[in-house]
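Please open the model in a viewer and keep the sequence panel visible. The stops below are given in the order in which they may be selected.

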Amino acid sequence: MNLSRLDLNLVVALRALLEERNVTRAGQRVGLSQPAMSAALARLRRHFGDDLLARVGGHYELTALGQVLLDRTATAYDVLERLFASQADFDPARESREFKLIASDYAVAVFGTELARVVHEEAPGIRLRFTQTPPAVVEDTATLLSATDGLFMPHGVISDFPATDLYDDRWVFLVADDHPTVEDRLTWRDLARLPWVTYQRTYDAPAVRQLGMLGIEPRVEVSVDTFQSLPLLVAGTRRIALVQARLARLLEPVAAVRVVEPPYEAVPLREALWWHPVYTHDAAHIWLRETAARIGRRLGRATED
């Protein structure tokens with residue numbers, strides 16, 4: 001396929017047609033007359049060799065290929081929009097735009113709150129939108145990064161993309177304040193016999209892999225999608241939960257829990273901001289990364305103090 005021979009305006013028409021499933025509504029959405037949108041649909045049908053929209057009774061439904069193209073077209077549209085919104089200069093005090101950032105609730109609580117505070121003070125026209133890290137982040141990293149402004153993720157999960165290191169953390173355990181058998185430190189026997197509450201996302205790979213390498217098979221009693229749910233599910237029970245030390249300090253007042261040390265040297269955690277290479281030289285993204293790195297250095301100094 002020769003990309004230079006394609007009319008990229010057809011991406012706009014294709015997205016509207018697939019999402020609206022109606023030529024008239026699609027045309028109204030993108031500012032085209034019905035004949036112009038019908039002509040665009042005809043060109044798209046010739047290009048793909050498929051009807052894309054098939055009449056069923058009094059309405060249109062997507063063909064099998066149209067269904068496949070639905071998500072891909074939305075992603076392609078986002079990539080093109082971000083590409084042509086790239087800037088040579090960026091004045092955070094005057095600009096008005098939104099940054100979409102993918103992060104776990106841990107990253108938002110520990111880092112995102114401070115990033116939002118700094119942006120509020122230094123760039124009042126900038127909006128931040130945090131979205132939960134999807135399960136397919138490892139399998140489809142390139143697509144995910146191409147449609148967002150950044151991903152907060154520890155090292156050891158993804159690779160081969162540019163990243164800015166932010167701060168270090170370590171793993172500790174949470175137990176109930178009144179746990180009947182655990183004192184200041186867990187034992188190897190505790191890890192095997194006590195029930196666990198776990199963060200169920202598979203991309204928490206380094207800590208999970210380490211447990212397996214040490215011969216520990218957690219007896220999982222409860223699993224959740226958020227780290228911040230862990231103390232509530234530990235309090236008043238015999239359960240234990242593996243959690244980041246920075247988050248544990250924030251969560252101790254939330255529930256009747258306490259922090260205890262693991263009986264092994266847990267693999268350290270280094271949080272980073274990852275991005276797609278297409279944004280490397282964009283002025284707005286450079287500002288975002290430099291701001292994030294500055295906040296990360298401040299967090300590191302606060303830990304040392």
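Select helix H5 and centre the view on Phe111: in this predicted model, H5 bends by about 50° at that residue. Next, display the whole of H5, residues 105-122. Its 18 residues should span 26 Å at 1.5 Å a residue, and the end C-alpha atoms lie 24 Å apart, so the two values agree. Now show the side chains of H5. Phe111, the site of the bend, is buried. The buried residues of this helix also include Asp105, Tyr106, Ala107, Ala109, Val110 and Gly112, and further along Glu114, Leu115, Val118 and Val119.

Keep Leu115 and Val118 on display and add Thr291. Where does Thr291 lie? Thr291 belongs to helix H11, which covers residues 283-304. Once its neighbours within four places in sequence are set aside, Thr291 is in contact with Leu115 and Val118. Is Thr291 buried or exposed? Thr291 has a relative accessible area of 2%, and because the cut-off for burial is under 20%, Thr291 counts as buried.

From H11, step back to the loop that lies between strand E12 (269-274) and H11, and select Val278 there. With a relative accessibility of 39%, Val278 is classed as partly exposed. Add Ser146 to the selection: 132 residues separate Val278 and Ser146 in sequence, yet their C-alpha atoms are 7.8 Å apart.

A further pair of this kind begins in helix H4, residues 64-84, where Arg72 is found. Arg72 is exposed, at 57% relative accessibility. Select Thr143 as its partner: the two residues are 71 residues apart along the chain, and 9.4 Å separates their C-alpha atoms.

Finally, select residues 6-63, which an unreviewed UniProt entry lists as "domain: HTH lysR-type". Over this range the chain is 60% helix and 14% strand, and the C-alpha atoms at the two ends are 22 Å apart. Colour helix H2 (residues 23-30) and helix H3 (residues 34-48) separately. How do H2 and H3 pack? Their axes are 9 Å apart and meet at an angle of about 105°; the two helices are therefore roughly perpendicular to each other. To inspect the contact, show Val23, Thr24, Ala26, Gly27 and Val30 on H2, together with Gln34, Met37, Ser38 and Leu41 on H3.

Conventions. Residues numbered from 1 in each chain as written. Predicted model: local features only at pLDDT ≥ 70, side-chain atom pairs only at ≥ 80, totals over all residues. Heavy atoms only, no water. UniProt positions renumbered as here; feature names shortened; annotations may be inferred. Helix = DSSP H or I, 4+ residues; strand = E, 2+ residues; numbered from the N terminus. Expected span 1.5 Å × (residues − 1). Bend = angle between axes of the 7 residues up to and from the residue. Buried < 20%, exposed > 50% of the residue type's maximum accessible area, 1.4 Å probe, protein only. Axes fitted to C-alpha atoms, helices over the stretch in contact; angles between N-to-C directions. Parallel < 35°, antiparallel > 145°, perpendicular 65-115°, else oblique. Contact = heavy atoms within 4.5 Å.
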